Structures are given as structure tokens and as C-alpha cells.
Amino acid sequence: MKEILVLYYSRRGSVRALAEEVARGIHEVPGASARVRTVPRVSTVCEALEDEVPADGPPYVEVTDLEECAGLVLGSPTRFGNMAAPMKYFIDGLAGAWVNGTLVGKPAAVFTSTGSLHGGQESTLLTMMMPLLHHGALIVGLPYTEDDLNTTRSGGTPYGASHVAGADGDPCLSDEERRLAAALGRRVAQTALKLAEGA
Ligand SMILES: Cc1cc2nc3c(=O)[nH]c(=O)nc-3n(C[C@H](O)[C@H](O)[C@H](O)COP(=O)(O)O)c2cc1C
């Protein structure tokens, strides 16, 4: 069984909804399963610490999750056209994993949610790929053979899955957004299994 790490940060539930669909897609692939993890909030007041275990939802990620999983799908809300600080903070702490080549050769993909349609989904997704490339991951996107990419009127991009939450932050995904997030999970899982076969 190959496990794929679905690692996300979400304050209001939109990225979490996408993560659940990505995990659903992974579980549809025989021989693959999803390990869902999140990251704690960060504070400018360094003494303010989160509880070690989140009040609800999946556990906080540990470096061993990266080591043990055969692929990675990373999700963050868009914050001013970029990933949110808690996800970046976690990534910036991965110097040891970089030295050890923990992610080298593993498939990886990204997803995001924005308030507005043209609020920076693509800039967020593309910049989330940069640290993954530094870590030697193999980036997986969404091809236009996924019909939903051609018909969506909200989220879903070739760079990764996405959701447009609107000004009220509605976490309810459209059918296209839901299917494209699952397709992204499936692609990462299928790629991880193919890479393992060829190893
Ligand atoms: C500080 C901050 C910055 C944001 N920046 C953007 C932005 O650049 N573009 C955009 O469309 N939405 C922006 N948003 C809205 C969030 O991306 C959006 O509400 C997203 O769906 C939140 O995901 P979540 O429900 O998983 O927390 C921002 C929200 C916050 C709080």
C-alpha cells in the first residue's frame, strides 16, 4: 500500500473541502491510501503556542509523514497571491528533509482556494511548486483531458485543483471543483504507484 500525504492549511474550510476530495481521489486508486495532515497557525507573538493536538480535524504533520509517504499533495488558501504563512513556515523548517533528499523523485501536486475568481490562484499554485522543485519532487498537474477544466466557471486549473469561495468564504465546492480535486489525488497516487513499479 502506497500512502500519499495530503497536507493542507485552512481557516474557513474551503481548502479543507478540497483536501477531502483529493483524499477521496487517492482512495479510489487500488493500492493507494491518503494520509491527511494539517499545520498549526503561526503568530507574530512567538510565545503564543497552539495545542499539540488540533481541537478537530487531522493531526499536525511531522517530518516522518514526508518520509513515509510516496507522494505529496499540498493545499493552502491564497493570501495576497501566495500561500498562507503557516504552510510556508512548515516548509521553511524542512532543511533537514532537503539535505536528506526526502522528497526526491516523489510525485507532488498543489491546490488552493481564493475569495475572488482572478484573485491569484495561479500565482499561488505556481509559487507553491517552487519549494517542491527545490526538494526534488516531480510536479503533477491536471491535463485538459479532464473535461471539467474546459467547462468550469469557478475553480480548477492545469496547475492544480482550486475553489472560488467568494466574498463570504463559502466552502461548498462546485461539481467541477470537486471532480478536479479528486482527479488530482488520483493522478498523484497513480504516478506514485507507476514510479514504484519502475523502481
Ligand atoms: C489575509 C488574507 C489574504 C487573502 N488574499 C487573497 C487574495 O490574494 N486573493 C483572493 O482571491 N482571496 C484572498 N483571500 C481570501 C481567501 O483566499 C479565501 O477566503 C479562501 O477561500 C480561504 O480558504 P479557507 O476557507 O480554507 O481558509 C485572502 C484572505 C485573507 C484572510
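**Notes on helix α1, the ligand and a few residues worth a look**

1. A good place to start is helix α1, which has 14 residues and reaches 20 Å from its first C-alpha to its last, close to the 20 Å expected at 1.5 Å a residue. Please keep in mind that this is a predicted model.

2. How much of α1 is covered? The helix is mostly covered, with 10 of its 14 residues buried. The buried residues are S14, V15, A17, L18, A19, E21, V22, A23, G25 and I26. Their cover includes the strands β1 (2-8), β2 (32-38), β3, β5 and β7 (161-164), together with helix α7 (175-198).

3. E21 deserves a closer look within this helix. Is E21 buried or exposed? E21 counts as buried because its relative accessible area is 14%, below the 20% cut-off for that class. The side chain of E21 makes a polar contact of 2.6 Å with the side chain of R24. Beyond its neighbours within four places in sequence, E21 is in contact with L173, R178, A181 and A182.

4. Next, the ligand. Its surroundings consist of 17 residues, and the closest of them are S10, R11, T78, S113 and G119. Sorted by class, this shell holds four nonpolar, 10 polar and three charged residues.

5. Three polar atom pairs help to place the ligand in your viewer. From S10, a polar side-chain atom lies 2.5 Å from a ligand oxygen. For R12 the partner is a polar backbone atom, 2.8 Å from an oxygen atom of the ligand. At V15, a backbone N or O atom also sits 2.8 Å from a ligand oxygen. The ligand taken alone exposes 650 Å², and the protein buries 76% of that.

6. Which elements give two or more residues to the shell around the ligand? They are α1 (14-27), β3 (71-79) and β5 (107-114). Of the elements, β3 gives the most, with three residues. Here the first points and the ligand come together: V15 is one of the buried residues of α1, and its backbone has an N or O atom 2.8 Å from a ligand oxygen. Both β3 and β5 are also among the elements that cover the buried residues of α1.

7. Moving along the chain, G31 is found in the loop between α1 and β2. With a relative accessibility of 32%, G31 counts as partly exposed. G31 touches M1, K2 and L193, leaving out residues up to four places away in sequence. If you would like a distance to check, the C-alpha atoms of G31 and L5 are separated by 14 Å, and these residues are 26 apart along the chain.

8. S123 is part of helix α5 (residues 121-134). Its relative accessibility is 33%, so S123 counts as partly exposed. Which backbone oxygens lie 2.9 Å from a polar atom of the S123 side chain? One belongs to G81, and another belongs to G120. S123 and G81 are 42 residues apart in sequence, yet their C-alpha atoms are 5.8 Å apart in space.

9. The loop between α6 and β7 holds T157. At 5% relative accessibility, T157 counts as buried. The T157 side chain reaches the backbone nitrogen of Y159 at 2.9 Å. A polar atom of that side chain also lies 2.9 Å from the backbone oxygen of G160. Setting aside residues up to four places away in sequence, T157 touches Q121, E122, L125, L142, L149 and S162.

10. P158 lies in the loop between α6 (148-151) and β7. Is P158 buried or partly exposed? P158 counts as partly exposed because its relative accessibility is 25%, whereas T157 counts as buried. Apart from residues up to four places away in sequence, P158 touches G141, L142, Y144 and L149. L142 and L149 also appear among the residues that T157 touches. From P158 to E176 the distance is 13 Å, C-alpha to C-alpha, and these residues are 18 apart in sequence.

Key. Residues are numbered from 1 along each chain as its sequence is written. This is a predicted model: local features need pLDDT of at least 70, side-chain atom pairs count only at pLDDT 80 or more; totals for chains, interfaces and linings use all residues. Side-chain values use heavy atoms; hydrogens and water are left out. A residue is near a molecule or strand if one of its heavy atoms lies within 4 Å of it. A polar contact is a pair of N or O atoms within 3.5 Å; within protein, one must be able to donate a hydrogen and the other to accept it, and residues adjacent in sequence count only if both atoms are side-chain atoms. Accessible areas come from the Shrake-Rupley method with a 1.4 Å probe; for residues, only the protein chains shown count as cover. Helices (H or I, at least four residues) and strands (E, at least two) are DSSP runs, numbered from the N terminus. Ala, Val, Leu, Ile, Met, Phe, Trp, Tyr, Cys and Pro count as nonpolar, Asp, Glu, Lys and Arg as charged, and the others, Gly among them, as polar. The expected span of a helix is 1.5 Å times one less than its number of residues. Buried means under 20% relative accessible area, exposed over 50%, partly exposed in between (1.4 Å probe, protein chains only). Contact means heavy atoms within 4.5 Å.
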